[in-house]
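Q: I've got a fold on screen and want to learn how to read it, helices to begin with. Can you walk me through?

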Amino acid sequence: MTLMKSLMGAAAAVALTAGAAMAEPALIFDLGGKFDKSFNEAAHNGASRWAEETGGTYREIEMQSEAQREQALRRFAEAGSNPIITMGFGMADPLAAVAADYPDTTFVVVDVTWLDAPNLRQVGFAEHEGSYLVGMMAAMASKTGTVGFIGGMDVPLIRHFGCGYAQGAKAVNPDINVVANMTGTTPAAWNDPVKGSELTKAQISQGADVVYAAAGGTGVGVLQTAADEGILSIGVDSNQNHLHPGQVLTSMLKRVDVAVYDAMSAGDDVETGVFVMGLAQDGVGVAMDENNAELVTDDMKAAVDKARQDIIDGNVKVVSYYENDSCPALQF
Amino acid sequence: MEKMPKWADVVLIPLISLLLATILSAIVILAIGEDPIEAVNLMVTGALGSTYGWGYTLYYATNFIFTGLAVAVAFHARLFNIGGEGQAMLGGLGVAIVCLSVPWPHWTIALLAACGASMLFGAAWAAIPAYLQAKRGSHIVITTIMFNFIAAALLNYMLVNVMKPSGSQDPATARFPEAVHLPSFQSLFSTADNVVFRGAPVNITFFIAILACFAVWALIWRTRLGYEIRAYGFSETGAVYAGISPVRITIIAMLISGALAGMMAINNVMGEAERLVLNSTENAGFIGIAVALMGRSHPFGVFLAALLFGFLYQGGAELALWTQIPRDLIVIVQGLVILFTGALDNMVRAPLEKLFISLRKEAK
């Protein structure tokens, strides 16, 4: 935490005048907070890596309330921060209102791809494609013919994960049973490992022997219980294979850290536009390392590599939950 | 006979509690290696040093006035309504339905309708726990807190499955049409060459909150119903002896309480976000408990306490923006204020009472 040790001037007013000359990037975390073991933490990791490698400094804030979103955007923009990197779909609406007022500032937003502004870099991830691949692996590893999905908060984004996963599992075994549960309906669902553990046990009792957690900090409880009960689990966002070596089948990588690192490295003249990071761009993928080497059979590897190439080439199409707010392979 | 003068009870005790909380917070800030004087300076200039800062402080305060009044009214009937959070969520649902389903010609009419809808939805959400308490004896604390979770689940269902524009990835309703946007302080008070409250979310709802303070004061101290509510709160058996129906008072007090909590949605949903998002209430329902405790359940006290918490919220945001002080510390500061003004009230009160009694003896 030595990134910006000194207080930025005696008051905000001082910071406002001093800030104009610095043009350091700013990072706005979503409500989950910087250390959510998932999405925001990945952004933090990307930013820290940039700071370590370049010796640069950046401002950051963790959101506490919805009203702060626009406030933080405006304050950082007025203080001369550039680019301003924001996390999560909750920033879409505030950005739509704010971006036009600061044409000289470039805004970067992760998980948003539908806005229209010239000074905006929108980075989306094809989570359904990555989830499809781990779904295939889950179905191949399952002996009971039942695999589980544990989501965090019940929002479209998480259904999007689950939908890709179910399609992948069914591509391998059309008769497979996919059990899906959401942890909750409040933001607390992102950080409830105890409930994650209970849901895992419930899914095991329904026959699941591989569970995929797309639930932020809740996933820690899912992976732990899966390891304790002797079944396989699948991590999410960052490579979580090391948490329980030999017991985590794989992790669905979503390289938020790379998106943040790239934006910070490019600095003021970061390219604007819409960027969807799919399998082809290595924005999403499956984690293969020494921790899961003995779990991944050659068949699995071959099937995943083939599917990956098929998706990139367009021979296989993974249906996105967003297309018509429903999933062909899974009922929520 | 009074142990100490009224001014000491109303002004001195909260001030001393606040001072104690500030000192403890300063120690915590020192302990993590930051300068507490700088931090206070930043909070004060950030929250009160400009019309922009005031704009946020008053916006938060408006939320807390409504939820604080809601808790206060229930307190007078000795009912602990901790369901303000859920009632405010439902109020937001009512506002969103009203704003989106009817093509309103002008915001004034929409405001009236939205007020009605928010009160109705908030009151309806309080009605079930009220009924269960009055008729079945299920404790209101348990039922209202459970209803917060049910409200969150209901809101989630409505936003994700029903009210979300199709194709949107954000679980929120569409933006309300231009005609129902409430005037902000910026549009009300800015002149051509002097823009004040720039970008701040405070809006005309602030005045409605002040009206609500007067209305609650008049209700509690100037009407027969208010007298009955207070009488019931002081002594249930006494109230029954006087012919006051406990069932009726419990239900009416909770309905008023729920309606007030629901009205918060006018501010945060219609006034600020102009759409309904999942996380619209952001614990204002719980802050309302602290506000009512600190304000001694009196509307004027609630008003002042809401301003204080508005200041803490906005000042805390400025701290988070410009320093490395983590946001959890701001929660600690807020928690200390709640602890000292609410839970540890007697720690300050008892010695102060002794002091006043001994002073009085000396004077004789």
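**Reading a long helix**

A: Sure, and keep in mind that this is a predicted model. Start with helix 11 of chain B, residues 246-273: its 28 residues reach 40 Å from first C-alpha to last, close to the 40 Å expected at 1.5 Å a residue.

Q: How many residues of helix 11 of chain B are buried?

A: Burial is about crowding: a residue counts as buried if 20 or more other C-beta atoms lie within 10 Å of its own. Here 22 of the 28 residues pass, so helix 11 of chain B is largely enclosed by the rest of the structure.

Q: What comes just after helix 11 of chain B?

A: Look at the backbone torsions there: B:E274 takes a positive phi of about 60°.

Q: At what angle do helix 3 and helix 8 of chain B pack?

A: For a helix pair, check the angle and the axis distance. Helix 3 (residues 51-76) and helix 8 (residues 205-222) of chain B pack at about 15°, their axes 9 Å apart. Angles under 35 degrees count as roughly parallel, so helix 3 of chain B is roughly parallel to helix 8 of chain B. Their crossing is left-handed. Residues making the contact include B:L58, B:I65 and B:L69 from helix 3 of chain B, and B:F206, B:A209 and B:V216 from helix 8 of chain B.

Q: And what does the radius of gyration say about chain A?

A: Compare it with a globule of equal length: for 332 residues a compact one would have a radius near 20 Å, and chain A agrees because it has 20 Å. Chain A has eleven helices and twelve strands, and 60% of its residues count as buried.

Notes. Residues numbered from 1 in each chain as written. Chains lettered and ligands numbered in written order. Predicted model: local features only at pLDDT ≥ 70, side-chain atom pairs only at ≥ 80, totals over all residues. Helix = DSSP H or I, 4+ residues; strand = E, 2+ residues; numbered from the N terminus. Rg over C-alpha atoms; globule rule 2.2 N^0.38 Å. Buried ≥ 20, exposed ≤ 12 C-beta atoms within 10 Å, placed from the backbone. Expected span 1.5 Å × (residues − 1). Axes fitted to C-alpha atoms, helices over the stretch in contact; angles between N-to-C directions. Parallel < 35°, antiparallel > 145°, perpendicular 65-115°, else oblique. Left-handed = near helix turned anticlockwise from the far one by under 90°. Contact = placed C-beta atoms within 7 Å.
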